[in-house]
Amino acid sequence: MMLGKPDASGAPFRILPLPEPAMAPASDGPVALLRTIGAAGLRHRGKLAIWVAICLAAALTYVRTTPPTYSAVATVLLEPRRQAPTAAREIVAPNSLDLNAADSELQVIRSERLLSTIFDSLALGSHPELGPQPPGLLQALSGRVTAALHGAFAAVGASYSSSQGSEASLRADPRRSAFENFVRRFSARRVGQSYVLEVAYSSTDPALPARVANAAASAYLLQSVAFKADAARSGAEFLQGRVDALAAQVRTAEAAVRSGALPAQPIPDADARIIGAAQTPLGPSAPRSSLIMAFAGVFSLLSGLFVAALASAFDRRVRLPQDLVRETGLPCLAVVPQVGGRRQAPASDPDKSMLVTRADAGSFAAAIRDLQTAIEIAWAASRFQGSPVVAIGSWRAGAGATLLTMNLAQLINHRGRQVSVISQDGVHAEQGKEGASLTDVIASGDTAQADYVDVEGVHLLPIRSATPQLNRFVDFRDPSAALVFAEARQRGEVLIDLPPLGESSDAVALATHADIVVLVAAEGVTTHDELNEALGALRRAGATVVGAVINRSRS
């Protein structure tokens, strides 16, 4: 599409060809995803480092405050033995053990009857570890939340009263509470699909886990051989020697249970044998400090990168030139670095308006020079002679459009060309004088009243009048405004410092007098949606937008 303005003869001429914006190549695949995540991590590296430090500190606090836990494991092999027949039924029914029977034996070890035997034999009811413990921070918080929920739903009544009754019963029966704590620390499992059972116990007391695990293994043997002893006594044909042997094995197993050790003598009549005794642990099994710290580091890094990538995906603020092209279709004419602090001073400040001429301007001056070159190339592509009227503006105030306009004017002036700036700032007030502004000229209809102020070789004309009443009713599409711009074009190049496009339609009306328009976006502040709004408003008015500038770049 070609946009143009009529010349002196009234015939339209071509200003600038606008090729279809080239779409950025689609980036997908795992490599592009990793690149995006890495870029997001670098962009939010400060926040990511803080998050990793917080996670590592929390993990270290947990490791330091959690008491060490010791675990011991006793191993039992299920091995049914054929005993001397005491009745005809034992001859007919052979002893065998299948996998289902092995699971049944595992449930026998976990049964409350066997655990009660161990609990009473080792006199664990008075052990301080199993008694009431003061609640931790998380438990206290969860208790308060639970109490609040119970209070909110007290109308339900039945479940609440039953739970309250169970808690009261535990408080009233300290032995029951200690036994419940004992059961939670006890575990028994089967190794794969084998006939090997592992009996384990965890405790903060280094000597207690081995005693409990060995006592559990011995109690299992006791229960097995005691059952056979009872069966032998009830049989009509039992042998006294057999009874004595079984009784001796029972006494051995009972003594082992009471002492928390393995039987001192073999127990051949049991359907299992102990193949591994629980040993006193050499070190704590929990908390696993290195594993927790490694997990905290990996978790914090991955979660931080995920949050950073998620934030970047939903971040609509202008940051990179390629994102600008993809989201708006506008080419990036220049990337201007941040100067001074995070907040730049107004462009009316002489030090700021003359930044490009300073010896230490560095990358800022190079960026302004790139902007001027890009504008000249865009204008040369129109194949139209003369100097263009260039309008520079942003969607909202504070993007630095005035700063770029003034420094671009200084660059043009130092190249030996005359330049006029139609500025939104009150340059007359800064110079201590009152003169006619563009608004005053439009109100009077006399272009000779235009009072330009010379600032370091640049001719400045304010847009707004010192009379507020005139500013309310001015129409910048008036032919007098077009005459002012035409006269300024005859003297040299013209720059228009547009007011914020998002605040009033005056900026769009002024942009219609420009040959080309450049939009300014502050990095990390201006959004792509704001640029699209400004671009749509300018194109609906017939203005030619050649590109955008990313200002205040810190990357």
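In the predicted model, Glu 456 is exposed, with a relative accessible area of 51%. This value lies just on the exposed side because the class begins over 50%. Glu 456 sits in the loop between strand S10 (453-455) and strand S11 (458-462). The phi angle of Glu 456 is positive, at about 55°, although the residue is not a glycine. A second non-glycine residue with positive phi is Ala 123, where the angle is near 55°. Ala 123 belongs to the loop that links helix H5 (112-121) and helix H6 (137-152), and its relative accessible area of 52% places it among the exposed residues. A further backbone feature occurs in the loop between S6 and H11, which contains Pro 287. The peptide bond leading from Ala 286 to Pro 287 is cis, and its omega is near -5°.

Strand S6 (272-276) is also part of an open sheet. This sheet comprises 4 strands in the order S4-S5-S3-S6, and the pairing is antiparallel. Strand S4 (186-190) and strand S6 form the edges; each has a single partner strand, so one side of each has no neighbour in the sheet. On average, neighbouring strands of the sheet are turned by 25° against each other, direction ignored. At the S4 edge, 5 bridges in the antiparallel sense connect S4 with strand S5 (residues 196-203). Within this part of the sheet, Arg 189 stands opposite Glu 198 of S5.

Parallel pairing is found around strand S8 (residues 389-393). S8 is joined to strand S12 (residues 493-497) by 4 bridges, and the two run parallel. Val 390 of S8 has Leu 495 as its bridge partner in S12. S8 also pairs with strand S13 (residues 516-522), again in the parallel sense and over 4 bridges, and here Gly 393 stands opposite Leu 519. The strand is mostly covered, with 5 of its 5 residues buried. In a regular strand, side chains alternate between the two faces of the sheet. In S8, Val 389, Ala 391 and Gly 393 point one way, whereas Val 390 and Ile 392 point the other way, and all of them are buried.

Among the helices, helix H1 (residues 29-43) packs against helix H11 (residues 289-313) at an angle of about 95°, and the axes are 8 Å apart. The two helices are therefore roughly perpendicular to each other. The contact involves Ile 37, Ala 40, Gly 41 and Arg 43 on the H1 side, which meet Leu 305, Ala 308, Ala 309 and Ser 312 of H11.

Helix H14 (residues 363-380) has 18 residues, for which a rise of 1.5 Å a residue predicts a span of 26 Å; the end C-alpha atoms are 25 Å apart, which agrees. The buried residues of H14 include Phe 364, Ala 365, Ala 367, Ile 368, Leu 371 and Gln 372. Towards the end of the helix, Ala 374, Ile 375, Ala 378 and Trp 379 are also buried. An α-helix has 3.6 residues a turn, so residues three or four places apart point the same way.

The structure holds 0 disulfides. Cys 55 has a relative accessibility of 10% and so counts as buried, whereas Cys 332, at 24%, counts as partly exposed.

Methods
Residues numbered from 1 in each chain as written. Predicted model: local features only at pLDDT ≥ 70, side-chain atom pairs only at ≥ 80, totals over all residues. Heavy atoms only, no water. Disulfide = S-S within 2.5 Å. Buried < 20%, exposed > 50% of the residue type's maximum accessible area, 1.4 Å probe, protein only. Expected span 1.5 Å × (residues − 1). Pairing = 2+ DSSP bridges. Axes fitted to C-alpha atoms, helices over the stretch in contact; angles between N-to-C directions. Parallel < 35°, antiparallel > 145°, perpendicular 65-115°, else oblique. Contact = heavy atoms within 4.5 Å.
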